[in-house]
Amino acid sequence: MPDMSVGIIIIGDEILKGHVSEANSGFLCKELYSLGIKIGKISVIQDSVAEIANEIRTMKSSNYSYILTTGGVGPTHDDVTYEGVAKAFNTELMLNSQMMDYYKSYCGNVTGDMDKNPQLRIANIPVGSEIVIIPTGNEEPFKSWNGYPIVKVSNVIVLPGIPELMRLCFKEVKKLYFNDILRELHHRNLFFDCNEIIILSALNKAVDVFKESVVFGSYPVLSSKFYQTRVTLESKDEMEVMKAEEFLRSSLPEQCIVDPVLATAGEDVYDLANNTNDLQFATVLKASIKVVEEAFASHKPESLFINFNGGKDCTALLHVVAAVWMKTFNTLPKIRAVHFKSNDPFPELEEFIETTIKRYNVPVSHNRVPIREGLGDLLAENPELVAGFLGTRRSDPHGGSMQYNMMTDAGWPKLLRINPLLEWTYKNVWTFLKDLKVPYCILYDQGYTSIGNKSNTFPNPKLSFIDSDGVKKFHPAYTLDDESAERAGRA
């Protein structure tokens, strides 16, 4: 099957005048390229029937598999995309009964007279259009809508211009039109704290060795305090990418290589909060970021610590805190981590803790349990500490009565507890870790969903299955659908 290619047309006077920042092309490029689909061209043009028609004809002459347009599909005088598409295909506009029925459900009992009801301009579409109603009912801020119509003429797909709605619609468009031809593109980002010239010899050698299987890109970066050069590796063969990465790493001094998880943490966490299609998750992630920002504004950094036990919640918490630190102070995180070590720990968890502490380059104190006594020791030895970040969530034992900021209970050493993840769900934690590719303890891939001591923690029975050889195994933790069963593996 030949490789797919797509042309993108962004339509809107407001973009060309600088009244609105264009956000749709970046999203579409990222989504399409992740599927192994080539983006051949992006055009930004006026709300002009002639320009829209000419640009579509130009892209059609380049034989793109699909042409995506965004913008210009509303009911106002300058929404002329449908007219431009019709002109490109030498056809007419016609009030479409399916579109009219759809819009009447929102516009009231209107007639087909556009002079009296100009809102029905949006139902005036090119003859021969294919219409797909994209469901929106479960998505904020579109809960009052049952769906949104997407018009397709030949290989031209007309998308709305509102970024939130466009992203929602594209999720379904991707399933409808690209699902049968998807070829996963495997990629790695490598970051170097040195000038591009320094790595040039090693990079050229890697490019030559893997020229048949891996595409390399090298980009100097002037805006980051954390790295100077970003190198990308891309291939349809995951093994080839891994081999190429190992080859390049082995050719360069270790001290110039920046951990990819940490290199862009400050950018990635904020971008995820602002661009995720999961609006519930966006709400709780933004709230978490605000809680951490306020903690840094209210307390001296040396008076704060993070409780890190290696679990999934604390791993997500550490990444959020590190990201906000990097955004706030423009340095790598230096916050203290505290580990209250159990008497019967999993070796895999202990190894992960040590690896993670090194990755984030934060100092760590290992304190005894029970935690109340260990916390007392910590504060006695470090009287400057006044507050600690915890990974508590509302669904945890005793989490129901917690607040984002709350002093310890009576009988405990006096300390402000800061709970940035309080309103996160189990699903939110895994969305965060998986979307940002944050490493987590390997026990979670073995069916553990909540980890305590070796003596009281087992793989979650809800995730068990029998493989083709009759052996009992467990699905990974992130596949658990029943969030109420998160602690089913705890005795």
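How are α12 and α13 oriented to each other? This is a predicted model. In it, α12 and α13 pack at an angle of about 5 degrees. Angles under 35 degrees count as roughly parallel, so α12 and α13 are roughly parallel to each other. Their axes lie 12 Å apart.

**Helix α12 and its two partners**

The contact of α12 with α13 joins two short sets of names. From α12 come T315, L318, H319 and A322. From α13 come F352, T356 and Y360. By class, this contact has four nonpolar and three polar residues, with no charged ones.

Helix α12 spans residues 312-329 and also packs with helix α11, residues 279-298. Here the angle is about 55 degrees and the axes are 10 Å apart. α11 and α12 are therefore oblique to each other. Their crossing is right-handed.

On the α11 side, the residues are L285, I289, V292, E293 and F296. They meet V320, V321, V324, W325, T328 and F329 of α12. Nine residues of this contact are nonpolar, one is polar and one is charged.

**The two pockets**

The table sets out the largest and second largest pockets.

| Pocket | Volume | Lining by class |
|---|---|---|
| Largest | about 2,400 Å³ | 14 nonpolar, 12 polar, 20 charged residues |
| Second largest | about 1,400 Å³ | 18 nonpolar, 15 polar, 11 charged residues |

Start with the largest pocket, with its volume of about 2,400 Å³. It is lined by 46 residues. Closest to its centre are K30, H187, D435, L436 and K437.

Which element gives the most to this lining? α2 does, with seven residues. Helix α2 covers residues 24-34. Other elements that each supply at least two residues include the helices α6 (163-178), α8 (238-250) and α10 (265-275). The strands β9 (186-192) and β11 (229-235) do so as well. So do α9 (260-263) and α15 (426-435).

Now the second largest pocket, with a volume of about 1,400 Å³. Its lining has 44 residues, and those closest to its centre are N307, N309, I371, T392 and D396. Two or more lining residues come from each of β13 (304-307), α12, β14 (336-340), α13 (347-360) and α14 (371-381).

**Where the two topics meet**

Helices α12 and α13 appear in both parts of this report. They pack at an angle of about 5 degrees, and they are among the elements giving two or more residues to the lining of the second largest pocket.

Definitions and conventions: Residues numbered from 1 in each chain as written. Predicted model: local features only at pLDDT ≥ 70, side-chain atom pairs only at ≥ 80, totals over all residues. Heavy atoms only, no water. Axes fitted to C-alpha atoms, helices over the stretch in contact; angles between N-to-C directions. Helix = DSSP H or I, 4+ residues; strand = E, 2+ residues; numbered from the N terminus. Parallel < 35°, antiparallel > 145°, perpendicular 65-115°, else oblique. Left-handed = near helix turned anticlockwise from the far one by under 90°. Contact = heavy atoms within 4.5 Å. Nonpolar A, V, L, I, M, F, W, Y, C, P; charged D, E, K, R; others polar. 1 Å grid on protein atoms, 1.4 Å probe; cavity = no way out; pocket = protein on both sides within 12 Å on 5 of 7 lines; lining within 4 Å. Points joined across faces, edges and corners; volume = space filled by probe spheres on them.
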